[in-house]
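Colleague: Could you take a close look at a single part of this model for a first-year student, and then follow it outward in one connected account?

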There are 2 protein chains.
Amino acid sequence: MTVTSVHDPSHREALWELEDAFERGDLISVFGRCTVSYEGRAASDLGAGDRLLVLKPDGAALVHTDEGRQPVNWQPPGSEHHAAVRGGQLRVRSTRTNPDETLTVRFERVHHLSAMAVTGGRDLTLHGSEEDLRTRILERPELVEPGFEPRETERPSSAGPMDVFGVDADGTPVVVELKRRRVGPDAVGQLARYVRALKEELGADERDGDDPPTVRGVLVAPSITDRAAERLADRGFDHVALEPTPEE
Amino acid sequence: MTVTSVHDPSHREALWELEDAFERGDLISVFGRCTVSYEGRAASDLGAGDRLLVLKPDGAALVHTDEGRQPVNWQPPGSEHHAAVRGGQLRVRSTRTNPDETLTVRFERVHHLSAMAVTGGRDLTLHGSEEDLRTRILERPELVEPGFEPRETERPSSAGPMDVFGVDADGTPVVVELKRRRVGPDAVGQLARYVRALKEELGADERDGDDPPTVRGVLVAPSITDRAAERLADRGFDHVALEPTPEE
DNA sequence: GACTTGATTTCGGAG
DNA sequence: CTCCGAAGTCAAGTC
């Protein structure tokens with residue numbers, strides 16, 4: 001592991017260091033005053049200001065200001081970085097194809113540049129995802145409702161794969177839609193599509209009426225918005241309040 | 001503008017610099033070997049490895065590896081940064097409430113730390129957004145279809161505001177849903193909700209049948225997926241292929 | 001490749 | 001504050 005670092009370099013010095021760092025496959029951090037322009041899926045321009053430019057060996061480029069989790073401008077992985085001195089500025093350009101897009105950062109002044117080779121240690125273990133919620137339900141189906149029996153996960157349908165498919169205590173088919181957090185109306189629409197697709201597939205009676213539905217829909221989520229609850233009630237579906245992980 | 005930079009500092013040195021930088025409201029970049037743990041909306045752990053930690057004065061914290069546009073771990077703006085030396089490690093912790101979540105980065109070694117005061121120059125001008133598409137249609141309604149007359153944008157409905165509301169050459173109400181890029185089935189569902197809400201509001205005949213629909217739905221997007229086209233046809237809606245900006 | 005969906009989505013706007 | 005939908009969403013898995 002070696003760190004390169006230059007303070008207040010000339011454009012030409014910065015250029016050398018950048019090209020060496022590209023060559024080594026380093027992770028690069030550049031502080032400086034720059035303008036940024038992007039052209040591709042959309043187009044944008046950003047006037048002069050102090051920012052942090054991060055360049056990754058996989059082609060990703062990030063321009064960060066002092067605010068926000070999101071970079072103000074960026075280029076996705078798979079791009080190629082190029083640097084040059086043009087018109088008294090240090091120009092760093094990241095380009096990719098499919099779609100064609102280019103990010104150009106023009107430094108009028110580089111305050112600091114550092115670079116480091118980075119390898120390994122990229123595996124993140126994450127708990128509390130939707131998959132954890134599915135696991136939890138498969139292990140304890142009664143959390144959905146007494147008598148619920150899961151039959152299949154990711155069951156295919158014409159509307160796409162449904163999260164969990166099973167039957168209730170009466171043997172009625174149940175489509176379960178899982179969400180790891182509070183949901184809005186869109187989740188109800190998604191559930192409705194699965195239920196409709198399954199009804200069609202099973203040749204079930206599609207009439208609305210006093211007859212109990214032949215396919216049930218259950219939305220499992222920690223909580224739902226009022227509008228989602230309305231739409232859920234309209235469709236005759238149920239909500240089960242459940243966290244992706246047991247309460248501490 | 002001043003840049004602070006320390007190379008291979010001791011934990012205590014790094015701590016001093018960090019606390020000064022917090023005080024100054026600097027944008028901070030730290031290279032080092034660290035472990036990362038997160039607990040909040042979910043929970044995660046990341047083993048030892050070389051990474052780049054970015055700390056922003058607005059409370060945002062980003063842990064970047066050598067790959068990907070996304071940070072491997074992060075904390076949103078509004079958090080508070082704290083640093084301390086504990087157990088022979090430099091511990092940087094970002095905490096926020098609502099929801100309660102904490103990101104902890106433990107450095108066993110800091111390779112490089114730099115910090116810079118950053119102000120201003122945060123305004124990005126972006127072209128090619130959905131709003132540009134709306135503007136384009138309002139200026140040239142015939143791009144939707146000959147005789148189309150926009151009447152209102154963001155027209156409220158019980159299903160939320162619709163992008164563009166207008167009437168066609170026959171005076172039939174038209175709900176227009178705008179998407180700046182290729183869309184899937186979800187957009188059709190969204191459009192359907194608006195159309196349904198408007199039909200109810202207008203007290204229009206909701207029967208499906210051979211009667212022409214009393215409210216039309218038009219999806220304006222550069223292109224749509226096959227499944228979206230199916231659902232569009234099911235509902236009797238139309239697709240108009242249009243880019244958010246004129247072709248170059 | 002296109003397509004679909006989840007995400008610690010983030011972000012901005014409206015109520 | 002909550003709710004809602006856009007985003008240059010990104011990223012992963014499937015087909």
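**A sheet in chain B, and the surface around the DNA**

Modeller: In this predicted model, chain B holds an open sheet of five strands, which follow one another in the order E10-E11-E12-E13-E14 with mixed pairing. Strand E10 (149-155) and strand E14 (238-241) of chain B stand at the edges, and because each has a single partner strand, one side of each is left without a neighbour in the sheet. From one strand to the next, the twist averages 30°.

Going into the sheet, we can follow one pair of strands in detail: strand E12 (residues 173-178) of chain B runs in the parallel sense with strand E13 (residues 216-221) of chain B, and five bridges join the two. To find one of these places in the structure, start from Leu178(B), whose bridge partner in E13(B) is Val220(B). Across E10, strand E11 (162-167), E12 and E13 of chain B lies helix H3 (residues 185-202) of chain B, and this helix runs at about 155° to E12(B).

Turning to the other protein chain, the domain assignment of chain A gives domain 1 (3-116) and domain 2 (130-241), and the C-alpha centres of these two domains of chain A lie 47 Å apart.

The DNA brings residues of both chains into the picture, since 27 residues lie around DNA strand C, and those that come nearest are Arg69(A), Arg180(A), Arg41(B), Asn73(B) and Arg182(B). Of the atoms of DNA strand C that come within 4 Å of the protein, sugar and phosphate account for 81%. By class, the surface near DNA strand C is made up of 11 charged, nine nonpolar and seven polar residues.

Some elements can be named on this surface: strand E9 (124-127) and helix H3 (185-202) of chain A, together with strand E5 (73-75) of chain B, each supply at least two of its residues, and H3(A) gives the most, with three residues.

Individual side chains complete the view, and they can be sorted by the part of the DNA that they approach. On the phosphate side, an N or O atom in the side chain of Arg181(A) is 2.8 Å from a phosphate oxygen of DNA strand C, while a polar side-chain atom of Gln190(A) lies 3.5 Å from a phosphate oxygen of that strand. On the base side, Asn73(B), one of the residues that come nearest to DNA strand C, has a polar side-chain atom 2.5 Å from a base oxygen of the DNA strand.

Notes:
Residues are numbered from 1 along each chain as its sequence is written. Chains are lettered from A and ligands numbered from 1 in the order in which they are written. This is a predicted model: local features need pLDDT of at least 70, side-chain atom pairs count only at pLDDT 80 or more; totals for chains, interfaces and linings use all residues. Side-chain values use heavy atoms; hydrogens and water are left out. Two strands pair if DSSP finds at least two bridges between them. Helices (H or I, at least four residues) and strands (E, at least two) are DSSP runs, numbered from the N terminus. Axes are lines fitted to C-alpha atoms, for helices over the stretch in contact, and angles run from 0 to 180 degrees between N-to-C directions. Contact means heavy atoms within 4.5 Å. Domain bounds come from an automatic or database domain assignment. A residue is near a molecule or strand if one of its heavy atoms lies within 4 Å of it. A polar contact is a pair of N or O atoms within 3.5 Å; within protein, one must be able to donate a hydrogen and the other to accept it, and residues adjacent in sequence count only if both atoms are side-chain atoms. Ala, Val, Leu, Ile, Met, Phe, Trp, Tyr, Cys and Pro count as nonpolar, Asp, Glu, Lys and Arg as charged, and the others, Gly among them, as polar.
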